[in-house]
Amino acid sequence: VPLPGAEFTIGRKKVFIRSPRTVYELDEFRKVRLNELAVLIQKTYRCYTKRKRFVTLRHSQLIIASYWRTWREREKIRLVEFRKQALWAVQVIGRFFVLLKTREFLLTLLLRLPHDNMSPICHDWPSAPTFLTETSQLLRTIFHRWRCYKYRKSFDQPARNRMREKVTASIIFKDRKVSYPRSVAHPFHGDYIRLRQNIQWKRVSCEHNDQYVVFADIINKIARTSGKFIPILLVISTNSMLLLDQKTMQIKYRIPASEIYRMSLSPYFDDIAVIHIRADNYCSSNMSDRSESPTGCLFQTETYVGQTIYRVYHPVANEV
């Protein structure tokens, strides 16, 4: 303490103080020091208790966190294992479900096929699951080919010939002639007027060797003077094309098949056929006989270098 050395003396067991004032000052110093020491003790104790509590809480927190992280990792592992098992179960169930549906589809397919309608143009087909779309399409293609095969096998030779003519007509006229679709349903007969049984025709055909009739029907001649349609008989044999009077069977024109090199049609709704002829001399000889025919002609004749064009009107020009 800041006291002069003359104010006190230190003995063996006691301190001797000279003046009461110094005693008073020492008491004041003692009180202040006691307060400081009390605060220090309290601070140290509180620090000790709080630190002890903090260490205990931290240790507890570390233990709890460790257990919680262990539990969390175990839960993750358990969830992963559960998902693996669920995925495996889904795959097994899905595989058996697909096999079951496939078996059911294949076993019931025969009963659900359109047996009543075996036409090749029939588009009826049993519905299939989504995962069997490709299989269903392949089976549908196979069934359609088999149905077409059965359809073809049911034909006799004349029907096969007619179908071959239809296919040839489809190759020639499909997407090229607007009126073609309306003629698809009509079968080709060739001899539409039963000319082969006509006695007069048999006599005329023997003279010119035209017994094998490919096409015969009444067509319309366009008169050049009035523009009216005049019916006349058109006959196409394997050797020539003939135009005859339908009552008397008199030959108006006869064009050898070797002289016909092309036939043209317009793409519109009309029945006009253009037949291209190579014979200039034949055309001239026919033109000289035109006085015997009525005014106008069955086909308009236009002579070019090396060819003659005949225009014919017929309601089934798609077949001609």
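**Aromatic pairs, salt bridges and a positive patch**

F215 is buried, its relative accessible area being 4%. This value, like the others below, comes from a predicted model. The ring of F215 is paired with that of Y192: the centres are 5.8 Å apart and the planes stand at 65 degrees, so the arrangement is edge-to-face. The contact links distant parts of the chain, since Y192 belongs to the loop between α3 and α4 (199–208) while F215 sits in strand β3 (residues 213–222), 23 residues apart. In contrast to the buried F215, Y192 is partly exposed at 29% relative accessibility.

A pair of aromatic rings is described by the distance of the centres and the angle of the planes. In this model, the count of aromatic pairs comes to five. One of them joins F173 and Y180, whose ring centres lie 6.4 Å apart with planes at 25 degrees, so this pair is stacked. The centre distance of 6.4 Å falls inside the 6.5 Å limit for pairing, and an angle under 30 degrees counts as stacked. F173 is buried, with 11% relative accessibility, and Y180 is likewise buried, at 12%. Elsewhere, W125, F143 and W146 are linked by ring pairs into a cluster.

Charged side chains offer a second view of the model. What is the count of salt bridges? The total is seven, and three of these can be followed here in some detail, beginning with helix α1. R78 and E75 form a salt bridge in which the closest N and O atoms are 2.7 Å apart. These two residues are three positions apart in helix α1 (residues 20–112), so about one helical turn separates R78 from E75. Both ends of the bridge are partly exposed: R78 has a relative accessible area of 48%, and E75 has one of 26%.

Another bridge in helix α1 pairs K101 with E104. The closest N and O atoms of K101 and E104 are 3.7 Å apart, a value that lies within the 4 Å cut-off for a salt bridge. K101 and E104 are again three residues apart, about one turn of the helix. K101 is partly exposed at 29% relative accessible area, and E104 is also partly exposed, at 41%.

The bridge between K177 and D270 has an N to O distance of 2.8 Å. Where do its two partners lie along the chain? K177 is in the loop between α3 and α4, whereas D270 is in the loop between β7 (260–265) and β8 (272–277), so the bridge ties together parts that are 93 residues apart in sequence. K177 is buried, with a relative accessible area of 5%.

Finally, the surface carries a positive patch formed by K150, K153, R160 and R164. Helices α2 (133–153) and α3 (157–173) are the elements that each give two or more residues to this patch. K150 has its place in helix α2. Is K150 buried or partly exposed? K150 is partly exposed, with a relative accessible area of 43%; this value also clears the threshold of over 30% that patch residues must meet.

How values were computed. Residues numbered from 1 in each chain as written. Predicted model: local features only at pLDDT ≥ 70, side-chain atom pairs only at ≥ 80, totals over all residues. Heavy atoms only, no water. Patch = residues over 30% accessible without salt bridge, like charges linked within 9 Å, V, L, I, M, F, W, Y side chains within 5 Å. Areas by Shrake-Rupley, 256 points an atom, 1.4 Å probe, with all protein chains shown as cover. Salt bridge = Lys/Arg side-chain N within 4 Å of Asp/Glu carboxyl O. Lys, Arg positive; Asp, Glu negative; His and termini not counted. Charge placed at Lys NZ, Arg CZ, Asp CG, Glu CD. Helix = DSSP H or I, 4+ residues; strand = E, 2+ residues; numbered from the N terminus. Buried < 20%, exposed > 50% of the residue type's maximum accessible area, 1.4 Å probe, protein only. Phe/Tyr/Trp six-rings, centres within 6.5 Å; stacked < 30°, edge-to-face > 60°.
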